[in-house]
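Subject: Structure handover

Hello,

I am passing on the structure we spoke about. Please look through it before reading the notes underneath.

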Amino acid sequence: MERTLVLIKPDGLQRNLIGEIIGRFERKGLKIIGLKMISVDDLKIEEHYGKYMDKPFFKHLKRFMQSAPVIAMVLEGVEAVSAVRLIAGATKGREADAGTIRGDLAMSMQTNLVHISDPEEDPEAEIKLFFQNKELFDYERVDLNFLYSPDELR
Ligand code: ADP
């Protein structure tokens, strides 16, 4: 099973979309193994969005990410990294496909509701930046055998 990090950004909280966003991941069949509300400090912003530190939009991104709490969660599933990216949709909300979180609910390139792990940027390292091991839960989903066929679970 793969694990991947999702952050619901401050616009998700302010726009009362936390339940809607978590519900989409739940209904898909992704397993929530960690969930908390946090504020993102300067160090985390710099580690997390380090590649954008020299971009003109970085100061707005930092201010935005620190403007309200963020919901952090870790989702688990077979090929969860790509599945979660598909559900989130393209970065720019106004161009994202309908049916995705950003395509249905966001207009902006920056205030685009969710952060999702990039497969190129080591999702496991990103999880470690936000969660300690003791904050991640190992439990059995009762519907597992209806979500996947046995060969997918091998
Ligand atoms: P994604 O979040 O889709 O993986 P990126 O990793 O490219 O996208 O960017 C991280 C975040 O930085 C975006 O979700 C967005 O909030 C912000 N961002 C990226 N590019 C821009 C931009 N050109 N202008 C404003 N904000 C941006």
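The notes below cover the ligand site and then two residues of one loop.

This is a predicted model, in which local features need pLDDT of at least 70 and side-chain atom pairs count only at pLDDT 80 or more, while totals for chains, interfaces and linings use all residues. Residues are numbered from 1 along each chain as its sequence is written, and side-chain values use heavy atoms, with hydrogens and water left out.

Ligand site

The ligand sits in the largest pocket. A pocket here is an open set of points on a 1 Å grid over the protein atoms alone, where a 1.4 Å probe fits and protein lies on both sides within 12 Å along at least five of seven lines; a molecule sits in it if more than half of its atoms lie within 2 Å of its grid points. Residues around the ligand (a heavy atom within 4 Å of it) include Lys-9, Tyr-49, Phe-57, Leu-61, Arg-85 and Gln-110. The shell divides into five nonpolar, three polar and four charged residues, with Tyr and Met counted as nonpolar and Gly as polar.

Three side chains have polar contacts (N or O atoms within 3.5 Å) with oxygen atoms of the ligand: Thr-91 at 2.6 Å, Asn-112 at 2.9 Å and Lys-51 at 3.5 Å. Taken alone, the ligand exposes 530 Å², and the protein buries 82% of that (Shrake-Rupley method, 1.4 Å probe).

The loop

Ser-108 is in the loop between helix H6 (101-105) and strand S4 (114-116); helices are DSSP runs of H or I with at least four residues, strands runs of E with at least two, numbered from the N terminus. The Ser-108 side chain reaches the backbone nitrogen of Thr-111 at 2.9 Å. Beyond four places in sequence, Ser-108 is in contact (heavy atoms within 4.5 Å) with Thr-91, Lys-92, Gly-93 and Arg-94.

Gln-110 lies in the loop between H6 and S4. With residues up to four places away left out, Gln-110 touches Lys-9, Phe-57, His-60, Leu-61 and Phe-64.

Regards

Definitions and conventions: Polar contact = N/O pair within 3.5 Å; in protein donor to acceptor, adjacent residues only side chain to side chain. 1 Å grid on protein atoms, 1.4 Å probe; cavity = no way out; pocket = protein on both sides within 12 Å on 5 of 7 lines; lining within 4 Å.
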